[in-house]
Structures are given as C-alpha cells and as structure tokens.
Amino acid sequence: MTEALLEIKDLKTWFKTDDGMVRAVDGVSMTIARGETLAVVGESGCGKTVTARSVLKLIDMPPGRFEAGQIVWRGRDLIPLPAADMDKIRAREIAMVFQEPMTSLNPVYTVGDQIAESLRTHHGLSRKESIDGAVEMLKLVQIPNAERRVHDYPHQFSGGMRQRVVIAIALACKPQLLIADEPTTALDVTIQAQILELLGDMKAKFGMAIMLITHAMGVVAENAQRVVVMYAGKVVEEAPVEELFGNPRHPYTQGLIRSIPRVDARTRGHARLEQIPGTVPSLLNPPAGCRFANRCRFATDPCRDSEPPLRQVAPNHKVACIL
Amino acid sequence: MSRDYLFRRILIAIPSLLGISLVLFTVLALAPGDPFGELVTNPNVPAEIRLALRAKFGLDDPVWIRYVRWLNAMLQGDWGFSFTSRMDVDTLIMQRLPTTVAVIGAAQILAIVVAIPVGVLAATRPYSLFDQIANTLAFVGFSLPTFFTGLLLILVFSIQLDWLPFVYRTDIRASGWQWWWEHIRQSIMPVTVLGLFQGASLVRYVRSSVLDVIKLDYVTTARSKGIGEPKVVTRHVVRNALIPVVTLVALQMPVVFGGAIVTEQIFRIPGIGSLLISSILANDTPVVMGVTFVFACLVVLFNLIADILYGWLDPRITFR
C-alpha cells in the first residue's frame, strides 16, 4: 500500500439521546491512500454517513461526541484541531458531496455564488475572479451554457444537474480527498450512471482520492479499488474489490452480494431475490458478541459470547468473523 | 420581471382598499351617534336650519349613495370636514401623521435591531444560559401590556427620577440640535415601550425560525466549505430564516397600530391614534373614517413592502 492520506483509527462517534448513548460509530478503522477509491458499504444506519461526517467534523456536538479514536489526515490528528484550522482543511484538502441534491444547495443564492464562495475564502480571489472560476467548474462538470447558468438559482436546475453543481462546489478548491456520501441514491437510475462517470472523470483529472459511501453493491463493483463493509457501527470486512466479490468471507458480505438483483437469476434457479433476514440490532445496547450473530445462519455460541476481532485472512483482506 | 411583480402587487392593493373603505363606511353609518346630535339640544338652532344642514350634508340619504359620494370626493382629494375641529380632515390628519409614523417607525426599527441578533444568538446556542435569559425576558416582554409598562416607565423615569418628560409636545420652542434633542428625549419612553413589546415576540419567532434552518442540509454544505461558522450563520442561516419573519412583521402591523393608539393615549402623543379616539368620542364621523382609512392604507403599504422584501430575500418568489 502506498502512503496513507487519511487514517481513521478506532473511531468512536457516539450520540447522546434521551434513551442513552447511541454508539453510531463504535471503533471503526480504515485508511485511504493517495489517489485511491475506497468504497464504504452497509445498510442504512450502519454508521457510514457518521464516519464520513466525522472526518470533516460535521457532526453536531452536542448531541454527538468523539468518544475515542483518531482521524489522522496527512500525519495530523483532526479531532483535537481547533475550528479555525479545521476550516482551512475543509474544501481545500477534504471536500464532501452530499446525498440529497435537492436540499444541499442554498435556495437563495445563485449556483455561481455557492461555488465561488469557497474559492473566495480559500484562494483569496476577488468577486469577479471567483465567478470566472465558478464558470470553469460548471464547464468541468459538463453543465451546458455555463456562462449563463452560473447566474441561475438552484430551483432552476434538475436533480442530476444540481448534483453536478454540488460536485463542482466540492471540487472547486481541488481537494486531495473527496468524500461522496451516497451521491447517487436520490437520483434516477440513468442519472446515477452519469454522475458516477463524472466522478470517475474528475478523479482522472485531479487525481484525488475518493471515499465513496454507498449501499449499492453494483456501484461498489464498478467504481472502487478497495471496499470496507460496515455493520452496526463496526467494520466487518475489508478487502480489494475483486477479492471481496470473488471470495467474501463475512456472512454479512455474502448476504449483501447475494442480494444484488441479477437478470439471469431465473435460469440459475433463484426465482426470488435473496434477503438477509432480521434487522440491525439497536445501537443503544449493542449485543455483547458479534453484532451480526442474531441474523447469521452460521452463528454459534462463541459468536454470541465475545466480539470477533478484525483479523487478516489474506493479503489486504481482513474480516471480523471467527469462521 | 420584478417590475411586473411590483405592478401586480399594487393593482391587487386597489380592490382591497376599496373593500376596506366600503366596510368601514357601512359600519360607521350603522353605528349609533350623530355628528349633529349636539345641535338637537342646542336651543339656539331652529329645527328648520338643522334639517337644512342635514339635507346639505346628505346625512339622510341611503348608505350606498353616501359611500359613492364620499369615494368620489376622496378621489378628488376632499376628505371631508371635521365638525368638531372646524378644519379639513386631510389637514388634520397630515398634522398628526408624521408624529405617529416617526414613533411607530422608530419602535419597529428598535424591535428588529434588538430581536434579530438576540434571536439568532439564542438559536445558535440552544438551551445555553444566554438562550434561557433571552427566552425568559422575551416571555416577560410580550406578557406585559404596553399600557402597564408605559405607566411603569412614566412612574420611574418621569416622576421618580425626573429624567424624561411624560407629555409629548409638538410645540417645542427650540431650533437646530436643541429641537432634535427635545424630540428624542420625549420619544425615548414611547419608542422603548412599543419597540420592546414588538421585539419580545419577534425574538421568539427569529429563534424558532433559525432553529428550523440551521438543521437543513445546505447549512451542512456551507460548513463543509470551510468558510467559518460566523459566515455560515450570517450568509446561509439568517437570510433564509428571515423569510418567514418578514411575513410576521408585516402581519403584525395592524397590531402595532392598535398598540400605538394605546401608547399614544398614555404618553399624550398628538398622533393619529389619539386623534381617532377623540374623534370617536366626539362622534366626528369624517375624521374617524379618514383616520381608519389611513390605518388601512398603512397596513396595505406594509404588506406591499413585505412582498417586495420577500422577492428580494427569496429568488424563487419573483419568478412565480
């Protein structure tokens, strides 16, 4: 593995609620190398978004808090970093694309303004220069008539176009890491492919690393080099993408892969799409042993007694399962 | 595009003003009380003259004829004649209006200048000590009626401490800075009473509006740009949070005028509020009609201003 750009070490982001502590992220570790695409997969509520937002410290505190762990960005731990220093990293070094393009743009400013804002802040550009920069960015993300559209408001754009604008905002300052939090979930299927292709193009152009958060295994297979599978606030498996699809070791990963719809399912003898039975355990009082045990068909007593550690099973392939 | 919008809004204001004037006129015509009531008991006025006067002013015609006549005269700039003050209604109102507008305007500005920063600061630190204090004071502020706080201030600052005059005078014999100073001194208490009363409820609205906006996705987007929290709040939160507050301020204008009538009575401000009350007591119908119509115009005007502000604050509105 080449030099690590971002290293998350045993991160615990917990939320204080009236019912007690919700352990949304409970001891997660992962690394991203320069220029690499890492996919983080898992179902809703498994802690992938909280992990991503923790990196940019976009968690509301309170109720959230960093209980333990480190987020090391280019040799520097971000958790104790003061807000002013954090603001110098945001957008300029680490940027984020959000899930919901309909709500992640401010309705009262033109898209040009919103792209130009970070250029003005981080590169000290004048108003005119920054708007020119915004036009450049809109051209890069392939918005037609960029010179004219730069003065339009978000409500004048369609969902896919807005997501292009969100990507333009994120890439305006040429960050080294782009965190894409389910960037295609809210979009039409045809638009999804366009947005993923655009992200690929941008990566080829700027060479930034991407942390791609998704629950769609198809997106993972096509875009990532390495995959981290999360379940109930924990990492359960980590492997290069071919290895993960070819030789999934964790029963949860196996279930995720089997739940991908296949056109040839009927001829292969599976009439119905497979599902993983049961639901994610409560993160208020997580079970003592393996968190997947109550949904796992291989679970035995040792699984329920103690938590399986993440262990190396092949080069670059780690799994948190005793089987 | 925005000129069309403005033009449309002004066109809509015309039928509403006509409707308001019709209702006002009908209600006043149905109300008991007669401007010539005093003449009936006056032994020096013979009955024929009384009847002739009534016929001359058309007081016994049907309501709708009198309304059309009033409207016609109104459009030609003739607002009628005050039976009690022996002068034209428009002159009378124009004498009083500047004082009212100055006091209400200053009070609204005070309310907004206090409420927006306090509401925003309280919302950005929810349940902090500052928030708790601001909330408590706001609650106290809008629970105390202006006639109570007004009298309290008079008692403390005029009677006990003798710092401020408690009767508002328009006939100040001074010029230049001295004149301004006297006016400011006598306006302090009425403006404070009205302004803080308005500001108190406004604080609560600003706070809840900011709390609604601060959780939205685009605020997170703004934070992720590293522009710093003060800019996130002023640029991305406050502007969006103010949109519903503008509606509120505009809708509150009738209440503000109502409150001003009471306040004008307490501080003896010779504004149109006290003119309204004295003319009602004197059965001076043309003045009552004139003043209420001016109030209606002001309310419509402030709604118009709110609509324009809306279009300015929220680009989505102008284009619809």
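This is a short tour of the structure, stop by stop, with something to select at each one. Keep in mind that you are looking at a predicted model.

**Stop 1: the core of chain A**

Start by selecting Met30(A), Ile94(A), Leu177(A) and Ile179(A). These four belong to the largest nonpolar core, which has 37 residues, and they touch the most other members of it. There is also a second, separate core, this one with 36 residues, and Ala95(A), Val166(A), Ala168(A) and Cys173(A) are among them.

Now zoom in on Leu177(A). What is it in contact with, once neighbours within four places in sequence are set aside? The list includes Leu5(A), Leu6(A), Ile32(A) and Trp73(A). Glu93(A), Ile94(A) and Ala95(A) are on it too, and so are Met208(A), Ala209(A), Ile210(A) and Met211(A).

**Stop 2: from Glu93(A) to Arg74(A)**

One of those contacts of Leu177(A), Glu93(A), is your next selection. Add Arg74(A) and look at the side chains, which meet in a salt bridge with 3.2 Å from N to O. The two residues are 19 apart and link distant parts of the chain. Glu93(A) sits in the loop between helix 2 (83–89) and strand 6 (94–97) of chain A, while Arg74(A) sits in the loop between strand 4 (64–73) and strand 5 (76–77).

Is each partner buried or exposed? Glu93(A) has a relative accessible area of 15%, so it is buried, the cut-off being under 20%. Arg74(A), at 42%, is partly exposed.

**Stop 3: Arg90(A)**

Stay in the loop between helix 2 and strand 6 of chain A and pick Arg90(A). Its relative accessibility is 10%, so this arginine counts as buried. Look for a polar atom of the Arg90(A) side chain: the backbone oxygen of Leu56(A) lies 3.1 Å from it.

Then show everything Arg90(A) touches, leaving out residues up to four places away in sequence. In chain A you will find Leu56(A), Lys57(A), Leu58(A) and His122(A). In chain B there are Arg223(B), Ser224(B), Lys225(B) and Gly226(B). That takes us to the place where the chains meet.

**Stop 4: where chain A meets chain B**

Colour the two chains separately. Here 26 residues of chain A are in contact with 22 residues of chain B. Between them the chains bury about 2200 Å², with 55% of that on carbon and sulfur atoms. Which three residues of chain A supply more of its buried area than any other three? Select Val108(A), Tyr109(A) and Glu117(A): together they account for 27% of what chain A buries against chain B.

The rule finds 12 residue pairs in polar contact across this interface, and the count of salt bridges between the two chains is two. On the chain A side, helix 3 (residues 111–123) gives the largest share, seven residues. By class, that side has 10 nonpolar, eight polar and eight charged residues.

**Stop 5: the bridge between chains**

Side chains of opposite charge can pair when their charged atoms come close. For a case that crosses the interface, select Glu117(A) and Lys225(B), whose side chains meet in a salt bridge at 2.8 Å, N to O. Lys225(B) lies in the loop between helix 9 (217–224) and helix 10 (229–267) of chain B, and Glu117(A) is in helix 3 of chain A, so this pair joins two chains. Lys225(B) is buried, at 2% relative accessibility. Glu117(A) is buried as well, with a relative accessible area of 2%.

**Stop 6: other salt bridges**

A search over all chains finds 19 salt bridges in the whole structure. For one within a helix, go to helix 11 (residues 301–305) of chain A, where Asp301(A) and Arg304(A) are three residues apart, about one helical turn. Their side chains meet in a salt bridge at 3.9 Å, N to O. Asp301(A) is exposed at 55%, and Arg304(A) is partly exposed at 42%. For a network of salt bridges, select Glu36(A), Arg226(A) and Glu238(A), which are linked in one.

**Stop 7: Thr170(B)**

Finish in chain B with Thr170(B), in the loop between helix 7 (146–160) and helix 8 (177–214). At 48% relative accessibility, Thr170(B) is partly exposed. Apart from residues up to four places away in sequence, Thr170(B) touches Thr99(B) and Pro270(B). Draw a C-alpha to C-alpha line from Thr170(B) to Glu182(B): the two are 12 residues apart in sequence and 9.9 Å apart in space.

Technical notes. Residues are numbered from 1 along each chain as its sequence is written. Chains are lettered from A and ligands numbered from 1 in the order in which they are written. This is a predicted model: local features need pLDDT of at least 70, side-chain atom pairs count only at pLDDT 80 or more; totals for chains, interfaces and linings use all residues. Side-chain values use heavy atoms; hydrogens and water are left out. A nonpolar core is a set of buried Ala, Val, Leu, Ile, Met, Phe, Trp, Tyr and Cys residues joined through side-chain atoms within 4.5 Å. Buried means under 20% relative accessible area, exposed over 50%, partly exposed in between (1.4 Å probe, protein chains only). Contact means heavy atoms within 4.5 Å. Helices (H or I, at least four residues) and strands (E, at least two) are DSSP runs, numbered from the N terminus. Buried area is the accessible area (1.4 Å probe) that two parts lose on being put together, summed over both. A salt bridge is a side-chain nitrogen of Lys or Arg within 4 Å of a carboxyl oxygen of Asp or Glu. A polar contact is a pair of N or O atoms within 3.5 Å; within protein, one must be able to donate a hydrogen and the other to accept it, and residues adjacent in sequence count only if both atoms are side-chain atoms. Ala, Val, Leu, Ile, Met, Phe, Trp, Tyr, Cys and Pro count as nonpolar, Asp, Glu, Lys and Arg as charged, and the others, Gly among them, as polar.
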